[in-house]
Amino acid sequence: MKLVRKDIEKDNAGQVTLVPEEPEDMWHTYNLVQVGDSLRASTIRKVQTESSTGSVGSNRVRTTLTLCVEAIDFDSQACQLRVKGTNIQENEYVKMGAYHTIELEPNRQFTLAKKQWDSVVLERIEQACDPAWSADVAAVVMQEGLAHICLVTPSMTLTRAKVEVNIPRKRKGNCSQHDRALERFYEQVVQAIQRHIHFDVVKCVLVASPGFVREQFCDYMFQQAVKTDNKLLLENRSKFLQVHASSGHKYSLKEALCDPTVASRLSDTKAAGEVKALDDFYKMLQHEPDRAFYGLKQVEKANEAMAIDTLLISDELFRHQDVATRSRYVRLVDSVKENAGTVRIFSSLHVSGEQLSQLTGIAAILRFPVPELSDQENDSSSEEDE
């Protein structure tokens, strides 16, 4: 993301002009734009024209509109963002108050104005504009006959390809059908890896599976690479890291990211940090439940006691339509930081973020036990907050 201009007043009102440069930036933009904001961007509008003879025609013109945002739609697979709203600035093609939908896309500048820029949104802009935050992990999660090729970016786990091949069972004295199907499956996975993984960006490719599937696959892949003199795979052989996973489904990626070998290799990535924080929370919940809480009211009470060491919160909560509720989450984040706590904002598109959402989207690891809070049911607060 490129920051072109930033004009924010002391009362935190103002506007920023940004240029999203890659698909990842569209996810950041989705988290920045909120209902009630003002968005200015270039768009295409269908305009009706009437000639001197009275015939009516229509043509498409490019114009710049300023909308008051009413609805936001994000397609995570295509990384497309559509913003619907009413025109709030004079325009020769569009009447004031008329509805229009702007489709934001990479390399097209937009200006976003807010009445109140909160700390969470400003921090996201800072992160999005920092070149160190980039897609640097790929993963192949597989079992016999099923594989998912994923890209793990700082904000998303994107499934780029799914390979499914029916593998017949081994028969006594005749394994040829099974072996041929397995070879066909491995070949399709290799093709998907070459098509979807950019080795010039990716630091590490995790190959995760149950049993010996990953070893057999890697042996096959590099044997074929030697036979066909595939320089792309041979030159990047050191980037492949084999780890255990319980299945070939996408959710098993969390297990792979929890592996200590992987954690040390990816110690500088946000994805690994999120997974470790969630893993620490589960361990604390199991061994010292007085120091692990989830649900907004419980976490707020722990914060009042200045007990929060690490706050785990889903970015989904900051997209809440109700301004007061959204402000409540922002105040909590600011307060935890003021009390020298660590705040980890999880992406709802990451496997770790999906798991946190099942725990109400908010959890905390405490510095010291707070027994009087643990006497209450943790999840009761979530029912009250709905």
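What share of the contacts in the protein chain with a separation of 6 or more comes from residues 24 or more positions apart? The figure is 66%. Keep that in mind as we walk through this predicted model, starting with the whole chain and then settling on one helix and one strand.

The protein chain contains 13 helices and 16 strands. Its C-alpha trace spans about 80 × 75 × 35 Å along the principal axes. Of the 386 residues in the chain, 49% are buried.

Now find helix 2, which covers residues 119-128. Just at its start, Asp118 extends a side-chain oxygen to within 3.1 Å of the backbone nitrogen of Val120. Val120 is also one of the buried residues of helix 2, together with Val121, Arg124, Ile125 and Ala128. Looking down the axis of helix 2, you would see these buried residues fall within an arc of 140°, so they line one face of the helix. A general point about helices helps here: an α-helix has 3.6 residues a turn, so residues three or four places apart point the same way.

What covers the buried residues of helix 2? The cover includes two helices, helix 1 (23-32) and helix 10. It also includes strand 2 (14-19), strand 7 and strand 15 (342-346). Let us visit two of these neighbours in turn.

Helix 10 spans residues 323-338, and its axis comes within 9 Å of the axis of helix 2. The two axes cross at roughly 75°, and the helices are therefore roughly perpendicular to each other. At the contact, helix 2 brings Ser119, Val120 and Glu123, while helix 10 brings Val330, Val333, Asp334 and Lys337. Sorted by class, this contact has three nonpolar residues, one polar residue and three charged residues. Val120 thus appears once more: it is buried, and it takes part in the meeting with helix 10.

The other neighbour to visit is strand 7, made of residues 110-114, where you will find Thr111. Is Thr111 buried or exposed? With a relative accessible area of 14%, Thr111 counts as buried, because the cut-off for buried is under 20%. Leaving aside residues up to four places away in sequence, Thr111 touches Gln15, Val16 and Thr17, as well as Ser38, Leu39 and Arg40. With one of these, Thr17, there is also a polar contact: the side chains of Thr111 and Thr17 are joined at 3.0 Å.

Terms used:
Residues are numbered from 1 along each chain as its sequence is written. This is a predicted model: local features need pLDDT of at least 70, side-chain atom pairs count only at pLDDT 80 or more; totals for chains, interfaces and linings use all residues. Side-chain values use heavy atoms; hydrogens and water are left out. Axes are lines fitted to C-alpha atoms, for helices over the stretch in contact, and angles run from 0 to 180 degrees between N-to-C directions. Helices (H or I, at least four residues) and strands (E, at least two) are DSSP runs, numbered from the N terminus. Angles under 35 degrees count as roughly parallel, over 145 as roughly antiparallel, 65 to 115 as roughly perpendicular and the rest as oblique. Contact means heavy atoms within 4.5 Å. Ala, Val, Leu, Ile, Met, Phe, Trp, Tyr, Cys and Pro count as nonpolar, Asp, Glu, Lys and Arg as charged, and the others, Gly among them, as polar. Buried means under 20% relative accessible area, exposed over 50%, partly exposed in between (1.4 Å probe, protein chains only). A polar contact is a pair of N or O atoms within 3.5 Å; within protein, one must be able to donate a hydrogen and the other to accept it, and residues adjacent in sequence count only if both atoms are side-chain atoms. The arc is that of the directions from the helix axis to the C-beta atoms.
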